Amino acid sequence: MNALPTIGPLRSDLQLISDMITPDSRVLDVGCGDGALLAFLAQEKNVDARGIELSQEGVNACVSLGLSVIQGDADTDLADYPTDAFDYVVLGQTLQATRSPKDVLETLVRIGRYAVVSFVNFGHWRTRLSLMLNGRVPVPAGNQFGWHDSPDIHLCTVLDFVDLSEELGLKIDKGLSLDRNDRVRQIKTGSHMANLRGEQAIFLLHRE
Amino acid sequence: MTDSTVTHSPMDHGELPGHQVELGADAPLRLDSGAVLGPYTIAYQTYGTLNADKSNAILVCHALTGDQYPAEAHPVTGKDGWWDLMIGAGKVIDTDQFFVICTNVLGGCMGTSGPSSIDPSTGKPYGLDFPVITIGDMVRAQAMLIDHLGINKLFCVIGGSMGAMQVLEWASKYGDRLYAAVPIAGAPRHSAQNIAFHEVGRQAIMADPDWCQGNYIPEGKRPRRGLAVARMEAHITYLSEPALHRKFGRRLQEREKVTYGFDADFEVESYLRHQGSTFVERFDANSYLYITRAMDYFDLAAEHNGVLADAFRDTQVRFCVVSFSSDWLYPTIESRAVVHALNAVAANVSFLEVQTDKGHDAFLLDEPVLHETLSGFIDGAIRHSGLSL
């Protein structure tokens, strides 16, 4: 009963995040869900894995896996961590649901030496086309919410995110885009192509 | 130091199961008040077997009116142990794997030294001559027992309510002597509201003429009414408004209509009266004064210039903090303050607020989410500590 449960293959975006993280490091996953990424990192990369998750179900699942996870959210429960408490702070598909993405991003790069941020790119051509043709707010694939009840209150595009990073004086070490066929592309800063073709974006960044 | 079975109980409960040890004859306990206590007696109970390298011990800390019998029929009331759901073979705290220790706290009335114990210097019960004690003193006495048992490091210290305060005190003062800490439905300090509720209870006891200025034992009396009222009032704070309403609503007690008098017309009144009257059979009124006082004085941050995080600086302890959404005695915000303090020192901490309408007492009840979470946490702690069972 004390063996770690077997970990299956990771979702593509989580695999890309995992690839950015060096073994034996300290990682905080903000919005860690059921702990899939943390459990993978703990088992395969021997990281000191910690998490923050909003839902009781998620926290329960994580702690039941033996992971160290606290119930909380990115807006209110990050501020207390000391500077450089972690090597990496991961914010996977959560930035758009925070009240203050700018403050959250600043906190991420303070409490972690590196931040890994992934989000659904609202600049993707399908999203743009959907708004143009249908005249309704586009809902990203797999999202069960409508415009009025979505927790995603701060959607952004690749270009928006790069702008915010520059405004905060952050250095982008790596940018990847991912489409629905799991095609991965490097994002070159300021590239309009990546903003058109990437459905998801993943950035590795740090404060300078 | 002498080990013996519990033969004397100041509450005249007769012979109690478990163990009793006299400590501090050579090194008395230096209390937070400045007073010195020694020798003193600790009554405790154990379940399971201590392994060869003494690495599988779990200390269970009881709440205000609990005692050292969490996992067996209560020797006085015959009711199930207060944490029977949690402790036992194959349960969350698995007595097939762990050696479980539970002590009656200092100031208590189930065999550990308290105000109803005999003062060796006078041969009479201490009464109010017993020194005022603190949560820190309770834990200091427990640490002496752990020394006596030859255990260097506890695998885990766990408890709810006042038990959680002891857990936090253990982690803060004896961080190198425990691997994991599980404070449930607790707080890092007593709030003004907490103190206020306790004060009402104490006033009820002291207003009872049978309290005799604390001297009721030599007078052959017991302040039953005062203690019962204290219990009734406190019991309300352990529940929640929805839980009370679900359990009793406005239902009448064995009658068709109200009597236009002051009988227990309502079920909830009858229930509280019953809670009060059964409580006084097993609990000592002066112990109630001393233990509530100890809780009121608890303020972990105060000893660190108001910075709670400093109580845990450089801690290596693995924490699992749990609160309950409907607990208004020690609301989630109190547990969250502990979590934020632990975050501030980058401690290893898990935290869960269990959604329930059962109020503060939920930690004693069948809450599957609580039990699953703690099982997972303990399994994880076993793996990370390398404890071989």
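How far apart do the C-alpha centres of domain 1 of chain B and domain 2 of chain B lie? The exercises below use a predicted model.

**Exercise 1. Describe the two domains of chain B and the contact between them.**

Solution. Start with the bounds: domain 1 of chain B is made of two segments, 2-191 and 299-385, while domain 2 covers 194-293. Next take the separation asked for above: the C-alpha centres of these domains of chain B are 25 Å apart. Then count the residues in contact, which come to 29 from domain 1 and 23 from domain 2. Finally, sort the domain 1 side by class: 13 residues are nonpolar, 12 are polar and four are charged.

**Exercise 2. Determine how α3(B) and α7(B) are oriented to each other, and list the residues through which they meet.**

Solution. Two quantities serve to describe a helix pair: the angle between the axes and the distance between the axes. Helix α3 of chain B spans residues 192-207 and helix α7 of chain B spans residues 285-297; their axes come within 10 Å and cross at roughly 160 degrees. Angles over 145 degrees count as roughly antiparallel, so α3(B) is roughly antiparallel to α7(B). The crossing of α3(B) past α7(B) is left-handed.

Now list the residues.

- From α3(B): B:Ile195, B:His198, B:Gly201, B:Arg202 and B:Ile205.
- From α7(B): B:Ala285, B:Tyr288, B:Leu289, B:Thr292, B:Met295 and B:Asp296.

By class, this contact of α3(B) with α7(B) has six nonpolar, three polar and two charged residues.

**Exercise 3. Work out which elements of chain A supply its side of the contact with chain B.**

Solution. Begin with the totals: 19 residues of chain A and 24 residues of chain B take part. On the chain A side, α3 (56-64) and β3 (68-71) each supply at least two residues. The largest share, five residues, belongs to α3(A). The class count for the chain A side is 11 nonpolar, seven polar and one charged.

**Exercise 4. Decide whether A:Val104 is buried or exposed, and find its contacts.**

Solution. First place the residue: A:Val104 is part of helix α4 of chain A, residues 101-111. A residue is buried if 20 or more other C-beta atoms lie within 10 Å of its own. A:Val104 has 22 C-beta neighbours inside 10 Å and therefore counts as buried. Leaving out residues up to four places away in sequence, A:Val104 touches A:Ala74, A:Asp75, A:Leu78, A:Leu95 and A:Thr98. As for A:Asp75, this residue is 29 residues from A:Val104 along the chain, yet their C-alpha atoms are separated by 6.3 Å.

How values were computed: Residues are numbered from 1 along each chain as its sequence is written. Chains are lettered from A and ligands numbered from 1 in the order in which they are written. This is a predicted model: local features need pLDDT of at least 70, side-chain atom pairs count only at pLDDT 80 or more; totals for chains, interfaces and linings use all residues. Axes are lines fitted to C-alpha atoms, for helices over the stretch in contact, and angles run from 0 to 180 degrees between N-to-C directions. Helices (H or I, at least four residues) and strands (E, at least two) are DSSP runs, numbered from the N terminus. Angles under 35 degrees count as roughly parallel, over 145 as roughly antiparallel, 65 to 115 as roughly perpendicular and the rest as oblique. A crossing is left-handed if the near helix is turned anticlockwise from the far one by less than a right angle, and right-handed if clockwise. Two residues are in contact if their C-beta atoms, placed from the backbone, lie within 7 Å. Ala, Val, Leu, Ile, Met, Phe, Trp, Tyr, Cys and Pro count as nonpolar, Asp, Glu, Lys and Arg as charged, and the others, Gly among them, as polar. Domain bounds come from an automatic or database domain assignment. A residue is buried if 20 or more other C-beta atoms lie within 10 Å of its own, exposed if 12 or fewer, and partly exposed in between; C-beta atoms are placed from the backbone.
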